[in-house]
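These are my notebook entries on a structure that I had not looked at before. I set down what I looked up, in the order in which I went through it.

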Number of protein chains: 2
Amino acid sequence: MPRPRTSETAERIRAAALELIAEKGVQQASLREIAERVGITKPALYYHFASREELLRGLVQPLVDDVEELLARLESAPSHDAREMLGAYFDVTYRHRAITKMVMQDPSVLAHLDLAAVVDGWRRRIQALLFGPAPTLAQQTRATVAVGGLGDCTVMFTDAPFDELRRATLDAACATLGR
Amino acid sequence: MPRPRTSETAERIRAAALELIAEKGVQQASLREIAERVGITKPALYYHFASREELLRGLVQPLVDDVEELLARLESAPSHDAREMLGAYFDVTYRHRAITKMVMQDPSVLAHLDLAAVVDGWRRRIQALLFGPAPTLAQQTRATVAVGGLGDCTVMFTDAPFDELRRATLDAACATLGR
DNA sequence: GTCTATAGGCTGATAGAC
DNA sequence: GTCTATCAGCCTATAGAC
């Protein structure tokens, strides 16, 4: 039996935190309530996480890593199909949709984790992938509507089957880009 | 000289609150900081507003009223052009863009003000105006991307000239709808 | 690893003087 | 209308026993 790479309790804490955040929002999810849901006391959390900020950072990191990896991959390949790129982006946000929901429902958490600049960079890099390094305002708005829409649909239509949602969302986003 | 219909201090409080909320988010804008910015003490706020919730409600209400009025007007007129409807919606969000930004940066404030159901109703009513009473998932995603995009662009491109932004945003939203 | 107990600070809100 | 003083309640975080 392999030794678990991460503590099981830490994993349960993360899961409870994500649950509670989905229900009440980031700011409203206190360590007391998270601990209660796990069935331990608040100080016990501090054995697994140095601070509330570290816990949140650990929740967001997998999404951040995957988006960074995706963008690096897209930027290294010279030719792109817009639908392929947006599809890959949709898949990432969908895979991490609990975190995506958390970030979209309260973007201020990003600033608190010093990730505002990172996410702002994502927007510019995606615009560059779609329209080159100096997009016009018309192109910026289209990229904003398309990419923002991917996230919106990911977190809004949680009951729809994945394949159907993916197709419908990408159809809408590609129509926005005029492709 | 006409007596002012609303207290001047109350107006300064509202302005300071909106400023601070734009900078730090709703949850992070405390009454203490708002009072500080106005140049009065915290208890003095309570002479003008019964509670923090009442202050927030007063900020959001003008946007709520204008959207309700717009939707009622659109629903009462039998024939519609999509670009006209979206344009009218854009104008409302732009006119109240400080509040729009606040709501989009932290939608949970709506739930706290018991407005979540109201705003959810807006989404359904707009979808009905665009696609009839029972839109398919494909139509729902297109409406979501288009309408969400209007709000996103309103708060994101604050430096762009109004006319140019309006045209670019509506072009993108109408392309999303396939019109 | 988890507990009890507690420190220290911030919050929204109130009482009562001026 | 605004102030000082204060309250109760919540928060994050730590100390130290087991």
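Before turning to the DNA, I fixed what I would call a polar contact: a pair of N or O atoms within 3.5 Å, where within protein one atom must be able to donate a hydrogen and the other to accept it, and residues adjacent in sequence count only if both atoms are side-chain atoms. I also noted that this is a predicted model, in which local features need pLDDT of at least 70 and side-chain atom pairs count only at pLDDT 80 or more, while totals for chains, interfaces and linings use all residues. Residues are numbered from 1 along each chain as its sequence is written, chains are lettered from A and ligands numbered from 1 in the order in which they are written, and side-chain values use heavy atoms, with hydrogens and water left out.

**Entry 1: DNA strand D**

I looked up the phosphate contacts of this strand and found an N or O atom in the side chain of Tyr46(A) at 2.9 Å from a phosphate oxygen of DNA strand D. Ser30(A) places a polar side-chain atom 2.8 Å from a phosphate oxygen of the strand, and for the side chain of His48(B) the distance is 2.7 Å.

I then listed the residues near the strand, taking near to mean that a heavy atom of the residue lies within 4 Å of it. There are 15 around DNA strand D, and the closest are Arg32(A), Lys42(A), Thr41(B), Tyr47(B) and His48(B). Of the atoms of DNA strand D that come within 4 Å of the protein, sugar and phosphate account for 61%.

For the elements I used DSSP runs numbered from the N terminus, helices being H or I runs of at least four residues and strands E runs of at least two. Helix H2 (31-38) and H3 of chain A, together with H3 of chain B, each supply at least two residues of the surface near DNA strand D, and H3(B) gives the largest share, four residues.

**Entry 2: DNA strand C**

Here too I counted 15 residues around the strand, of which Thr41(A), His48(A), Arg32(B), Tyr46(B) and Arg52(B) come nearest. Sugar or phosphate make up 60% of the atoms of DNA strand C within 4 Å of the protein, and the rest belong to bases.

In chain B, a phosphate oxygen of DNA strand C lies 2.8 Å from an N or O atom in the side chain of Tyr46(B) and 2.9 Å from a polar side-chain atom of Ser30(B), whereas Leu31(B) reaches a phosphate oxygen with a backbone N or O atom, at 3.1 Å. The largest share of the surface near this strand, four residues, comes from H3(A).

**Entry 3: where chain B meets chain A**

Counting contact as heavy atoms within 4.5 Å, I found 30 residues of chain B in contact with 30 residues of chain A. The buried area, which is the accessible area (1.4 Å probe) that two parts lose on being put together, summed over both, is about 2,400 Å², and carbon and sulfur atoms give 70% of it. Leu137(B), Val145(B) and Phe157(B) supply 23% of the area that chain B buries against chain A, more than any other three residues.

I also searched this interface for salt bridges (a side-chain nitrogen of Lys or Arg within 4 Å of a carboxyl oxygen of Asp or Glu). The rule finds zero across the interface, but it does find five residue pairs in polar contact. The largest share of the side of chain B that touches chain A, twelve residues, comes from H9(B).

**Entry 4: salt bridges over the whole structure**

How many salt bridges does a search of the whole structure find? I noted 24 over all chains.

In chain A, Glu19(A) and Arg37(A) form one, with their closest N and O atoms 2.7 Å apart. This pair links helix H1 (residues 8-24) with helix H2 of chain A across 18 residues, and Glu23(A) joins Glu19(A) and Arg37(A) in a network of salt bridges.

Asp171(A) and Arg83(A) meet at 3.0 Å, N to O, and this pair links helix H10 (residues 162-177) to helix H5 (residues 82-95) of chain A, 88 residues apart.

**Entry 5: an unusual backbone angle**

Most residues other than glycine have a negative phi. Asp114(A) has a positive phi of about 60° although it is not a glycine, and I found it in the loop between helix H7 (108-112) and helix H8 (116-131) of chain A. Asp114(B) likewise has a positive phi of about 60°.
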